[in-house]
Amino acid sequence: MSEHPIDLRSDTVTQPTAAMRRAMADAEVGDDVLDGDPTTRRLEAIVAEMLGKERALFFPTGTMANQAAIWLLTRPGTDILVDGDAHIVTSEMSAAAAFSGVQVRVVRAAGRVMHADDVIAALPTAGDAPEQVLLCIENTHNSAGGAVTTIDAMRAMRNVATRAGLAVHLDGARLWNAAAATGTALADFASCADTVMVSFSKGLGAPVGAALAGPADVIERAVRVRRRLGGGMRQSGIIAAGALYGLQHHLERLPEDHETARAFARAVDGAGGATLVPPDTNIVMIDLPTPSASQVVARAKAQGLRVS
């Protein structure tokens, strides 16, 4: 095995650069639960401005921020509409049911990502069906290979949701990538949703952290929900500084990630029968006829390349 393995399992395995570590070590801090942390407040203000929202709140994880949004925009005993392969469904441990008492109504996407027609098809027609109150959209879509939902598709789903009386939450863990790939402003994507989650530990190189942005009154309530979920942090400026550094120095380099992913995809496509969908962003998904994926993962690891 190589002395210096290459790890392509996820954009979450990045480690903070020396400069990011220095920024974290030198961060001005306070007690964010007691009376506020200045570095965290600065990060929140910048994120709110970037997303065109009134206010943003720093969270330790994207999952917690997603679940806070669901808590705030629903009531127990109601339904939320979510793509069946979305992170909220596949990777958040049934938290929507456990914490908010809501039922997930799965939207079956006809293509790689959900569109307005898919949402319409998932809306109930019977009068005694459970009440739907929230539509959740993921952009980029992790399980679909980092696929981008275009701004036109986002707006169309927002229109369907509005007509149906649904609030909209955007799981934008990799919204940075969607903006970089399309040239669409972050605020334009965010305008299609009431609340938006963005992550700093994916693509930006920060070791931890996410933010939830939305109307000021909703985010004010989110402070209590975050604390109830165990997310009240004290000197959070130390980790917020890593997120700030990522926004200031790494965000503009995302197109490099996308080009590297495309080059990798071109090199692998067709090798040994492998087939790929050209990546929209920074995730490359490979279909293998034989040998099995687990064998390829093991052989690649032996050569110093980690994939999942």
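**A friendly walk through a predicted model**

Me: Glad to look at this with you; which elements do the buried residues of α8 pack against?
Reply: This is a predicted model, and a good place to begin is helix α8. Its buried residues are Leu175, Trp176, Asn177, Ala178 and Ala179. The elements they pack against are α2, β6, α9 (186-190), β7, α11 (237-249) and α12 (254-268).

Me: At what angle does α8 run to β7?
Reply: Helix α8 spans residues 175-182 and lies across β6 (167-172) and β7. Just after the helix, Gly183 takes a positive phi of about 80°. As for the direction of α8 relative to β7, the angle is about 90°.

Me: Now the sheet: which strands stand at its edges?
Reply: The sheet is open, has 7 strands with mixed pairing, and follows the order β2-β8-β7-β6-β5-β3-β4. An edge strand has a single partner, so one side of it is left without a neighbour in the sheet. That description fits β2 (55-59) and β4 (103-107).

Me: How much does the sheet twist from one strand to the next, on average?
Reply: The order to follow across the sheet is β2-β8-β7-β6-β5-β3-β4. Going from one strand to the next, the twist averages 20°.

Me: Which residue of β4 stands opposite Leu81?
Reply: Strands of a sheet pair through backbone hydrogen bonds, either parallel or antiparallel. Here β3 (residues 79-83) and β4 run parallel and are joined by 5 bridges. Opposite Leu81, β4 places Arg105.

Me: What angle does the direction of α2 make with that of β2?
Reply: Helix α2 covers 38-51 and packs on the sheet. The strands touched by α2 are β2, β7 (195-199) and β8 (210-214). With the direction of β2, the helix makes an angle of about 130°.

Me: Is Asp32 buried or exposed?
Reply: Asp32 sits in the loop between α1 (18-25) and α2. Leaving aside residues up to four places away in sequence, Asp32 touches Asp37, Thr40, Arg41, Arg226, Met233, Arg234 and Ser236. Its relative accessibility is 5%, and the cut-off for buried is under 20%. Asp32 therefore counts as buried.

Me: Which side chain does the side chain of Asp32 meet in a polar contact of 2.8 Å?
Reply: Several residues touch Asp32, among them Thr40, Arg41 and Arg226. The polar contact of 2.8 Å runs from side chain to side chain, and the partner of Asp32 is Arg41.

Me: Which residues lie nearest the centre of the second largest pocket?
Reply: About 220 Å³ of space lies in this pocket, and 19 residues line it. Both α3 (62-73) and β7 supply at least two residues each to that lining. Nearest the centre of the second largest pocket are Gly62, Thr63, His87, Ser199 and Lys202.

Me: What is the relative accessible area of Met93?
Reply: Most residues other than glycine have a negative phi, and most peptide bonds are trans. Met93 is not a glycine, yet has a positive phi of about 55°. Met93 lies in the loop between α4 (87-90) and α5 (95-100). This residue is exposed, with a relative accessible area of 76%.

Me: Is Ser94 buried or exposed?
Reply: Ser94 also belongs to the loop between α4 and α5, and has a positive phi of about 55°. Its relative accessibility is 55%, and exposed means over 50%. Ser94 therefore counts as exposed.

Me: And the peptide bond from Asn139 to Thr140: cis or trans?
Reply: Thr140 is found in the loop between β5 (132-138) and α7 (151-164). The bond leading from Asn139 to Thr140 has an omega near 0°, and is cis.

Methods
Residues are numbered from 1 along each chain as its sequence is written. This is a predicted model: local features need pLDDT of at least 70, side-chain atom pairs count only at pLDDT 80 or more; totals for chains, interfaces and linings use all residues. Side-chain values use heavy atoms; hydrogens and water are left out. Helices (H or I, at least four residues) and strands (E, at least two) are DSSP runs, numbered from the N terminus. Buried means under 20% relative accessible area, exposed over 50%, partly exposed in between (1.4 Å probe, protein chains only). A polar contact is a pair of N or O atoms within 3.5 Å; within protein, one must be able to donate a hydrogen and the other to accept it, and residues adjacent in sequence count only if both atoms are side-chain atoms. Contact means heavy atoms within 4.5 Å. Two strands pair if DSSP finds at least two bridges between them. Axes are lines fitted to C-alpha atoms, for helices over the stretch in contact, and angles run from 0 to 180 degrees between N-to-C directions. On a 1 Å grid over the protein atoms alone, a cavity is a set of points where a 1.4 Å probe fits but cannot get out, and a pocket is an open set with protein on both sides within 12 Å along at least five of seven lines; lining residues have an atom within 4 Å of a point. Grid points are joined across faces, edges and corners, and a volume is the space filled by probe spheres set on the points.
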